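Here is a walk through the open and enclosed spaces of one protein model, followed by its helix packing. Keep the coordinates open while you read.

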Amino acid sequence: MGVLSELKPKKVFEYFEYLSSVPHGSGNTKQISDLCVEFAREHGLEYYQDSLNNIIIIKPATAGYENSAPIIMQGHLDMVCAKDADSDIDMAKEGIRLAVDGDWVHAIGTSLGGDNIIAVAMIMAVLDSAELEHPRIEAVFTVDEETGMDGAMGLDVSCLQGRMMLNLDSEEDGVLTCGCAGGARVDCSLPGARVAIPADYACAKVVIDGLKGGHSGVDIDKGRASANQLMGRFLYNLSIATDLRLCEMTGGTLDNVIPLYAEATVAFPAADYAKIEGMAKEYDGIFKFEYSTADPGLNLAFNKTEYTGLAVCAEDTANMLLTMLIVPYGVEAMSMDIKGLVQTSLNMGVLRLMENELKFSFATRSSILSEKEMLIQRVEAIIAKMGGTTNVRSRYPGWAYRKDSPLRDAIAASYRDLTGKEAIISATHGGLECGLFIEKIPGLDCVSVGPDLCEVHSTRERLNISSTARLWDVVCETLKRLKK
């Protein structure tokens, strides 16, 4: 018996557990894609699997809906893999260990992957049902959404007849998302020549941890600390106080995750050890004060360590740390039209000091194309001025609000009749694949919905059971109302 076997809607949670049984981090989606193929074959459904591992499954209209307009139902197969430091799970080879706590589903020691496996599970339950009334269903499961939407970019949509698309990649019950930011990834590199560490130098390891992290789109406005930003700020101030040399440095896991951990090994004159140790205690207090509300678990640790390798030369160390200090981070602009909506932001999600270079990557986002391009230009200009190089990849378009949306009207009416409440019509700063599908299928009417999901992209991620049941009812009722 499965961990989720007693939960309702029964089929939705059965498929959620089925899909969670195999690894499915971004770039590692072959197994979960093959599970979808197996499902389609078992149910006698037409399907297409491409070389990227995207899947399209088609279910014919039920009786009486043959002349109704088809609908695309869409979600993504990949997840952000985050795990606790003491977790023994190999997320590249193992599935998720699920657990239930009251009205919530979570994972043990890792992120849950509710973003976006709940969408795939719900769509599978629709495809599996013999009772639901609906028009032709075109289920689209994309891959690598979390690392740049590469699956959606490479998808051949020529077999799709639908001109309405219900995306199930949102994270708040009762909210109909009808617009999103566009974005791009910016990879940066700064040169760093290695030299021997002088004999009279000491080495220490700096660790910044205890942060909440979170999604770089939907959580970027919550004032949470970036471990990478704080590391750059602290080490820059050390470089002013002593002849600092970078030896090792790493932070973050993915471009679109606010980094919750960073560590560095540094070398400096042994005679300055007491002074530098004192500065570490000072900045631990400064950071704790600044983030006492948003990140109360923040901690900066400084400990003597042994290091026998080469260090980045003083000049390149100074250049790297100055760059980390002056590059922009976080929210750049708020929307003047939608209260509380972030308009433009960026996140340095990944930081790695390699043998001869410092590499770091930004996820940039904006609901205004010109502002996104301006932000990319700012990063490019700073890096170029500091002697480095940049590469822009994985550009994806924003999704403009559509005033006339029959699909939105149908979902809103279903929600109102089933719950007695009005749905909230909104937009998100997070990136959704809807903009890419609109580019591929001009005139496509899109709406994104989802159950309550909290703390996605972190080990605190959890999925609300009651809101999943409400969403299931709304989805089924909406499909029923699409009869011509």
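Strand E20 gives the largest share of the lining of the largest pocket, with four residues. This is a predicted model. E20 covers residues 424-428. Strands E8 (175-180) and E22 (453-454) also matter here: each of the three strands supplies at least two lining residues. The pocket holds about 770 Å³ of space. Its lining counts 39 residues, and those closest to the centre are Glu171, Glu172, Val218, Thr428 and His429. By class, the lining of the largest pocket splits into 13 nonpolar, 13 polar and 13 charged residues.

Next comes the second largest pocket, with about 470 Å³ of space. It is lined by 22 residues, and the closest to its centre are Ala82, Lys83, Thr253, Leu260 and Tyr261. The classes here are 11 nonpolar, seven polar and four charged.

Now turn to the enclosed spaces. How many cavities of 30 Å³ or more does the structure hold? There are two. The largest cavity has a volume of about 80 Å³. Its lining is made of Glu172, Asp173, Gly174, Val175, Leu176, Ile411, Tyr415, Val449, Gly450, Arg470, Leu471 and Val474. Glu172 also appears among the residues closest to the centre of the largest pocket. Which elements each supply at least two residues of this cavity lining? They are E8, H9 and H11. H11 gives the most, with three residues. By class, the lining of the largest cavity has seven nonpolar, two polar and three charged residues.

The second largest cavity encloses about 30 Å³. Cys178, Trp399, Arg402, Ser405, Arg408, Asp445 and Cys446 line it. Three of these lining residues are nonpolar, one is polar and three are charged.

Two of the elements around the largest cavity, H9 and H11, also pack against each other. Helix H9 spans residues 406-419, and helix H11 spans residues 465-481. Their axes lie 9 Å apart, at an angle of about 125 degrees. H9 is therefore oblique to H11. The crossing is right-handed. On the H9 side, the contact uses Leu407, Ala410, Ile411, Ala413, Ser414, Tyr415, Asp417 and Leu418. H11 answers with Asp473, Val474, Glu477, Thr478 and Arg481. Seven residues of this contact of H9 with H11 are nonpolar, two are polar and four are charged. Look again at Ile411, Tyr415 and Val474: they take part in the helix contact, and they also line the largest cavity.

A second helix pair completes the tour. Helix H5 (residues 227-241) packs with helix H7 (residues 314-326) at an angle of about 130 degrees. The axes of H5 and H7 are 8 Å apart. Why does this pair count as oblique? Angles over 145 degrees would be roughly antiparallel, and 65 to 115 roughly perpendicular, so the remaining range is oblique. The crossing of H5 and H7 is left-handed. From H5, the contact draws on Asn228, Gly232, Arg233, Leu235, Tyr236 and Ser239. From H7, it draws on Leu321, Leu322, Met324 and Leu325. The contact of H5 with H7 has six nonpolar, three polar and one charged residues.

Technical notes
Residues numbered from 1 in each chain as written. Predicted model: local features only at pLDDT ≥ 70, side-chain atom pairs only at ≥ 80, totals over all residues. Heavy atoms only, no water. Axes fitted to C-alpha atoms, helices over the stretch in contact; angles between N-to-C directions. Parallel < 35°, antiparallel > 145°, perpendicular 65-115°, else oblique. Left-handed = near helix turned anticlockwise from the far one by under 90°. Contact = heavy atoms within 4.5 Å. Nonpolar A, V, L, I, M, F, W, Y, C, P; charged D, E, K, R; others polar. 1 Å grid on protein atoms, 1.4 Å probe; cavity = no way out; pocket = protein on both sides within 12 Å on 5 of 7 lines; lining within 4 Å. Points joined across faces, edges and corners; volume = space filled by probe spheres on them.
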